[in-house]
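Here are some exercises to work through with the model open beside you. Try each task before reading its solution.

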Amino acid sequence: MVVIGGGIVGCSVAYHLALRGVTDVVVLERKELTSGTTWHAAGLVGQLRATKNLTQLAKYTSELFHSLEQETGQATGFHQRGSVSVAANDERFEELKRGASMARLFGLDVETLSPGEVKELVPLAYVDDLVGGVHLPGDGVTNPVDTTRALAKGATARGAKIHEGVRVDRILTSRGRVTGVAYSTGDDVGEMRADAVVNAAGMWSRTIGMGVDATVPVHAAEHFYVVTEAVHGIAPNMPVLRDPDNWSYFKEEAGKLLVGWFEPTAKPWGMRKRDGSGGIPDSFAFDSLPADLEHIEPLLAAATARLPVLESLGIQLFFNGPESFTPDDRYLLGESPDLKGLYLACGFNSIGIQSSGGAGKALADWIIDGHPDRDLWDVDIRRMMPFQNNADYLRDRTTEALGLLYAMHWPFRQPETARGVRRSPLHDRLADRGACFGEVAGWERPNWFAPAGVEPSYVYSYGRQNWFPFSAEEHTAVREGVGLFDLSSFSKFAVEGADAEKVLNQICANDVSVPAGKIVYTQWLNDRGTIEADVTVTRQSDHQYLIVSAAATQVRDFAWLKAHIPESARCWVSDVTSSLAVLSVMGPRSRSLLSQVTEEDLSNEGFPFGTSRLVDLGYARVRASRITYVGELGWELYLPTEFAGDVFDRLQSAGGQYGLQVAGYHALNSLRMEKAYRHWGHDITPDDSPLQAGLGFAVSWEKPDGFFGKASLQRQAEEGISRRLVQFKLLESERLLHHNELIWRDDSIVGHITSGMYGHTVGGALGMGYVENKEGLADNKFINAGQYEIEVAGDRVRAEASIRPFYDPTSQRVRL
């Protein structure tokens, strides 16, 4: 097994592989260990991340660093000084308090601070303008070079080998999988055979991936910090101070101050230009980039406002070094969907030190066991789209990516750079009607529609944002009349062949041995009986199926599907996402509207729920599928993209008499929340089974040949479940739920909210989340016996819990 790159992450992967007994591990480093970007990292070891599982990985890193020196005899410089994050306004303080609630859920020590308490912990700080702060005592600092050498020493002590001065020139392949690497050492060249290769090459990762057409969207950006002269009286155990409103962080460094920034507009670096110039020099090792005093002058002024002592200190070092960033500011981990046996551990967005231990362990487990030991969708390489490897896209997005580390993490925040990549054929028509677009997987999707005279742009807050009343109107139109959604971004796969039914019945937990024209809702399970995908399967003919899943999981689901088709099967799959537009006509008046534009019998008898057929609509032949994600009567219309404009116009023309309202994804979300329809990646993940998620109705236990994951799921059914997905409604109407809010039951924390939205029909903030019974089964008796509160930014709000949906629990309306 070959690991490309001798930075802290590459050495961590090797260490953890060796720790699990894999001794034929070779690390190949082009120059010297840490010589790329690890050597100049600030060495911050924070633990709180955006999700529970990423926090657990960061927490593991801290625990590993705590013991690594004793294990290896190599000093690491790790000290748990803690960290303090401060807020200069109420909304930043709400963000910090929401983070503090998450930290408690994830088992981290945390305390909310007043400005005076911030001053006690960081006496050098100016606090008169602060609203408050948050203290994480378990955070720390480490020496990146020494910690890397400790990991390398621990790896080699268990049999791994590390070779410096060896450059990997290309990855070798045969029949769609890795077979080794070609390398060079000065004037010598050679090949090394391996059944797995880990690309941990930092800012060189994309170039290495391009040699085998693998998507590795990484781009370097310039990262600035300064080191001052000695600071009189500075405490050696001063907590790391983070001031995100001023884009600054402060760390005591051998009696001096290290001050760095994550500014909102960054400087991309290192991408080769079309004329062949630029790029990362072959000689690059332990190098820095030219100082840019004009760029950092306003940043230094902002930092001085927080630590006034900087005004009287000289600067000993102005440092500028490259760091690798990804389009969504989350690192890349896992097996490439483009090449079997190629694994990625790169693009760490300036958090490589604090992520290195957990990421190395997670990837080692992934390689050895064939799967990660927890849901890692946030960092899974399969979330990335091929277009995101585009050089121009990466350069433009990187200007924003660095600053996202300290930007406000607003609910519904949308990227501002590299937009307009993927557009529905209806994009311009929707824009003309006031659409405010969000982005998912590059798709421009209408999230809400602004009425005439209103600018279709976000005004962010943690309360009701500017679009709230407009989305409420769209929601109400669907509940009471008829709404029209553009769902063209759905991922769509065609499965064909004589063995298509047999193959899909193994992949799907539900039974797809149904007549042509039937729609089956199902999950795809792994061997552990947990959920890998959430899809609908429409049988179009004896040997043809159409699979529909979410836009964000296009690469992941397609890769899973292909990987589970036996080589000998007479079955093949095509990604037809771009060839089909999707219009969703939903609401109690949808039948009346559609009857004006098609002669098809749309009655319950003529077109029952869960059926699909080709119909004439205008000049197009359209696949009409009677299904819903909003809980109302309606049809999804699948049609070739070139016909979408005409069909949309006809629906608009006929819809006036029925009050047709174009509607966006925020309305779709609020509607599905009222019906407790699950969302993959939030409410259902590879950490959850259909039984825990309340989706047992979509499992066909009696299929003669079974399905992937059946044995594990059967054991769970026999033993019972200790955690269960539950719906919640806040009893205080002004508070909102988003995700990761704590669930309290009878004064004990039993889980967290997985997704939330305001339910306009039921009149309250709604959430879903798993409730765990640590002493028994999470059955109806346990769920119903508790009194519940949801913690919102530190405040506990009374909530009603329900196993059933709050809206139309018997689903009568979808069968009107």
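**Exercise 1.** Find which loop holds D747, and decide whether D747 is buried or exposed.

*Solution.* Start with the neighbouring elements: D747 sits in the loop between strand 36 (742-745) and strand 37 (748-759). Helices (H or I, at least four residues) and strands (E, at least two) are DSSP runs, numbered from the N terminus. This is a predicted model, in which local features need pLDDT of at least 70, side-chain atom pairs count only at pLDDT 80 or more, and totals for chains, interfaces and linings use all residues. Residues are numbered from 1 along each chain as its sequence is written, and side-chain values use heavy atoms, with hydrogens and water left out.

Next, look at the backbone: D747 is not a glycine, yet its phi is positive, about 75°. Finally, check the surface: the relative accessible area of D747 is 54%, so this residue is exposed (buried means under 20% relative accessible area, exposed over 50%, partly exposed in between, with a 1.4 Å probe and protein chains only).

**Exercise 2.** Repeat the analysis for A441: where is it, and is it buried or exposed?

*Solution.* A441 belongs to the loop between strand 22 (435-440) and strand 23 (443-449). Its phi is also positive, about 55°, although A441 is not a glycine. With a relative accessible area of 16%, A441 is buried.

**Exercise 3.** Compare the span of helix 3 (residues 90-105) with the expected one, then work out what the helix packs against.

*Solution.* First, the span. The expected value is 1.5 Å times one less than the number of residues. Helix 3 has 16 residues, and its first and last C-alpha atoms are 23 Å apart, close to the expected 22 Å.

Second, the ends. At the start of helix 3, a side-chain oxygen of N89 comes within 3.3 Å of the backbone nitrogen of E91. After the helix comes G107, with a positive phi near 85°.

Third, the packing. Buried residues of helix 3 include R92, F93, L96, M102 and L105. The buried residues pack against strand 4 (83-87), strand 5 (111-113), strand 6 (132-136), strand 36, strand 37 and strand 39 (788-792). Strands 36 and 37 are the ones on either side of the D747 loop from Exercise 1.

**Exercise 4.** Work out how many residues of helix 1 (residues 8-19) are buried.

*Solution.* Begin with the span: the twelve residues should cover 16 Å, and the end C-alpha atoms are 16 Å apart, which agrees. Then count: eleven of the twelve are buried, so helix 1 is largely enclosed by the rest of the structure. Among them are C11, Y15, H16 and L17. Just after the helix, G21 has a positive phi of about 95°.

**Exercise 5.** Identify the strands that pair with strand 35 (residues 723-730) and the bridge partners of F728.

*Solution.* Strands pair if DSSP finds at least two bridges between them. Strand 35 joins strand 38 (residues 764-772) through seven antiparallel bridges, and strand 40 (residues 795-802), also antiparallel, through four. F728 has G767 as its bridge partner in strand 38 and A801 in strand 40. Seven of the eight residues of strand 35 are buried, leaving the strand mostly covered.

How values were computed:
Contact means heavy atoms within 4.5 Å. A polar contact is a pair of N or O atoms within 3.5 Å; within protein, one must be able to donate a hydrogen and the other to accept it, and residues adjacent in sequence count only if both atoms are side-chain atoms.
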